[in-house]
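Here are my notes on the model, set out as numbered points. Please read them with the structure open.

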Amino acid sequence: MSGAEWGSTLEFSSIGSASFPAESAVSFSTTQKRSGLYSAAIMGSGLPAGGWEYGVGKLLSTPLIEAYIKVCVRRSTYATGGNSVIQWQNFHASFPDGFTLGTIYIDTTRKIRIYSNGILRATGTTVLSVNTWYVIEVHVLYGVVGLIEVRLNGASEISWSGDTTSSGYTNFDRLRFSMFRHNTTYAEGYMDDFSINDISGA
C-alpha cells in the first residue's frame, strides 16, 4: 500500500462497511499528514447516531496466517464507547461484512487493547493524546500457538501469546483500518503510512 499517496480510495478495497457504506466519512487531507502528500481523513460527525464503524479496508491477494501491519494514527476526538483501529478478518468466508478474528482497539481510557476471537487478551499502559501522530505496528500470528504483538512509536506496548483462532476460520484475508461512532460520540482523525507485509517481507 502507498500510505494514501494516491489521494483517493483507489488503493483500498472497501470504504465504510457493507452494512453502512459511509463513503462520506472518508476523504484525503494535504494539511494533516505524517509523511508524503496525503493522509486519509476519517470523520464521523456527519454519520447518524448509533454504533457505526467507518474507515478503509484492504482485501489481501493471498490469505495469510502471519503478517506485519503498520498504520500511523492521529485522532482529534475519541468515541466514549471505545475506538477500533485495526481488524484482521476473514472476508470470503463471511461475506459481505467479514468475520473479525482480531482487533487492535483504543479503550475509554485511551489505552491500546488487543482482542482475539472477541476476547480481551491484554491492555497496554500508554495513554494516547489527541492531535498527536502515533505509529502503531502489529505482528499477528494466527494459530492455536499464536501471537499478537503491538509496538507504539517503535517501543513494545503489548505482547500476548496463545490461541488466536476462531472456529471455522483458517486464515485472514482482509484488514480494516477504522474508527467508531458510539451513540452520539464519535472518533475523528487521520490515518497515514499504511503497510502490510507477510513474513517474507512482500
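1. A salt bridge here is a side-chain nitrogen of Lys or Arg within 4 Å of a carboxyl oxygen of Asp or Glu. The model is predicted. The structure holds two such bridges. One of them joins the side chains of Arg 34 and Asp 193, at 2.9 Å from N to O. That distance falls within the 4 Å limit.

2. Where do Arg 34 and Asp 193 lie along the chain? Arg 34 is in the loop between strand E2 (26-29) and strand E3 (39-42). Asp 193 belongs to strand E15, residues 188-197. The two are 159 residues apart, and the pair links distant parts of the chain.

3. The accessibility of these partners deserves a look. Arg 34 has a relative accessible area of 40%, so the residue counts as partly exposed. Asp 193 has 12%, which means that this residue is buried. The cut-off for buried is under 20%.

4. Asp 193 needs a second visit. Its phi is positive, about 55°, although the residue is not a glycine. Most residues other than glycine have a negative phi. Please inspect the backbone here, in strand E15.

5. Which side chains does the side chain of Asp 193 contact? One is the side chain of Arg 34, in a polar contact of 2.9 Å. Another is the side chain of Ser 35, in a polar contact of 2.6 Å. So this buried residue combines a positive phi with a salt bridge to Arg 34 and a polar contact to Ser 35.

6. Asn 117 also has a positive phi of about 55°, and is not a glycine either. Asn 117 sits in the loop between E8 and strand E9 (119-123). Is Asn 117 buried or partly exposed? Its relative accessible area is 34%, so Asn 117 is partly exposed.

7. The other salt bridge is between the side chains of Arg 113 and Asp 107, at 3.2 Å from N to O. Arg 113 counts as partly exposed because its relative accessibility is 23%. Asp 107 has 6% relative accessibility and therefore counts as buried. Side chains of opposite charge can pair when their charged atoms come close.

8. Now the rings. A search of the whole structure finds three aromatic pairs. Phe 99 and Tyr 169 form one of them: the pair is stacked, 4.4 Å centre to centre, with 10° between the planes. Phe 99 is in strand E7 (residues 99-106), and Tyr 169 is in the loop between strand E12 (155-162) and strand E13 (172-183). They are 70 residues apart, and the pair links distant parts of the chain.

9. How accessible are these two residues? Phe 99 has 29% relative accessibility and so counts as partly exposed. Tyr 169 is buried, with a relative accessible area of 16%.

10. Tyr 105 and Tyr 115 make another aromatic pair. Why is this pair edge-to-face? The ring centres are 5.6 Å apart and the planes stand at 80°, so the pair is edge-to-face; the cut-off is over 60 degrees. Tyr 105 is in strand E7 and Tyr 115 in strand E8 (residues 112-116), ten residues apart. Both tyrosines are buried.

11. Last, the empty space. Rolling a probe the size of a water molecule over the atoms shows where empty space is left. A search of the whole structure finds one cavity of 30 Å³ or more. The largest cavity has a volume of about 30 Å³.

12. What lines the largest cavity? The lining consists of Val 73, Arg 74, Arg 75, Tyr 78, Ile 106, Leu 128, Thr 132, Tyr 134 and Ile 136. The elements that give two or more residues are strand E5 (66-77) and strand E10 (134-141). E5 gives the largest share, three residues. By class, the lining has six nonpolar, one polar and two charged residues.

Methods: Residues are numbered from 1 along each chain as its sequence is written. Side-chain values use heavy atoms; hydrogens and water are left out. Rings of Phe, Tyr and Trp (its six-membered ring) pair if their centres lie within 6.5 Å; planes under 30 degrees apart count as stacked, over 60 as edge-to-face and the rest as tilted. Helices (H or I, at least four residues) and strands (E, at least two) are DSSP runs, numbered from the N terminus. Buried means under 20% relative accessible area, exposed over 50%, partly exposed in between (1.4 Å probe, protein chains only). On a 1 Å grid over the protein atoms alone, a cavity is a set of points where a 1.4 Å probe fits but cannot get out, and a pocket is an open set with protein on both sides within 12 Å along at least five of seven lines; lining residues have an atom within 4 Å of a point. Grid points are joined across faces, edges and corners, and a volume is the space filled by probe spheres set on the points. Ala, Val, Leu, Ile, Met, Phe, Trp, Tyr, Cys and Pro count as nonpolar, Asp, Glu, Lys and Arg as charged, and the others, Gly among them, as polar. A polar contact is a pair of N or O atoms within 3.5 Å; within protein, one must be able to donate a hydrogen and the other to accept it, and residues adjacent in sequence count only if both atoms are side-chain atoms.
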